[in-house]
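Dear colleague,

Please find below the structure that I promised to hand over to you. My notes on what was found in it follow directly after it.

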Amino acid sequence: MISTLINLVNLITYAIEFAILAYCLLSWINVRGNSNYYRFRDLISRVVNPILNPCRRILGKFGIMGQIDLSPVVAIILVSVIRSIIVRGLILIHYGGLL
């Protein structure tokens, strides 16, 4: 049971990280019109922007936002940290460390 939850957490967080990386790579390609590529890029943007926008706001408050958007790097680091915390918490709960 616990391994299933850990696998689910890993799957979701790795999918988020993959989507962020895909968003970064797709942002370098300029395509106009109603192509399948445009639809895919729009879908990725809708998934990733709710994660990246808070990172952009925080980086902007510290004056870090400039020519290069560092929010994907910050978001991937945060997702990795959150994954580690959740997985370690599940392991501790399973082995009775928190109960």
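In this predicted model, the helices α1 and α2 (DSSP runs of H or I, at least four residues, numbered from the N terminus) are roughly perpendicular to each other, a term for angles of 65 to 115 degrees, because they pack at an angle of about 110 degrees. Their axes, which are lines fitted to C-alpha atoms over the stretch in contact, with angles running from 0 to 180 degrees between N-to-C directions, lie 9 Å apart.

Contact here means heavy atoms within 4.5 Å, and on the α1 side I16, A19, I20, A22, Y23 and L26 take part, meeting residues of α2 that include Y37, F40, I44, V48 and R56.

The largest nonpolar core, a set of buried Ala, Val, Leu, Ile, Met, Phe, Trp, Tyr and Cys residues joined through side-chain atoms within 4.5 Å, has 10 residues, among them A19, I20, Y37, V48 and A75; buried means under 20% relative accessible area with a 1.4 Å probe, protein chains only. Both α1 (2–26) and α2 (36–61) supply at least two residues of this core, and α2 gives the most to it, with five. Apart from this core lies another, of five residues, including I2, I6, V87 and L90.

As to how the values were obtained, residues are numbered from 1 along each chain as its sequence is written, and side-chain values use heavy atoms, with hydrogens and water left out. Local features need pLDDT of at least 70 and side-chain atom pairs count only at pLDDT 80 or more, whereas totals for chains, interfaces and linings use all residues.

Best wishes

Key. Buried < 20%, exposed > 50% of the residue type's maximum accessible area, 1.4 Å probe, protein only. Parallel < 35°, antiparallel > 145°, perpendicular 65-115°, else oblique.
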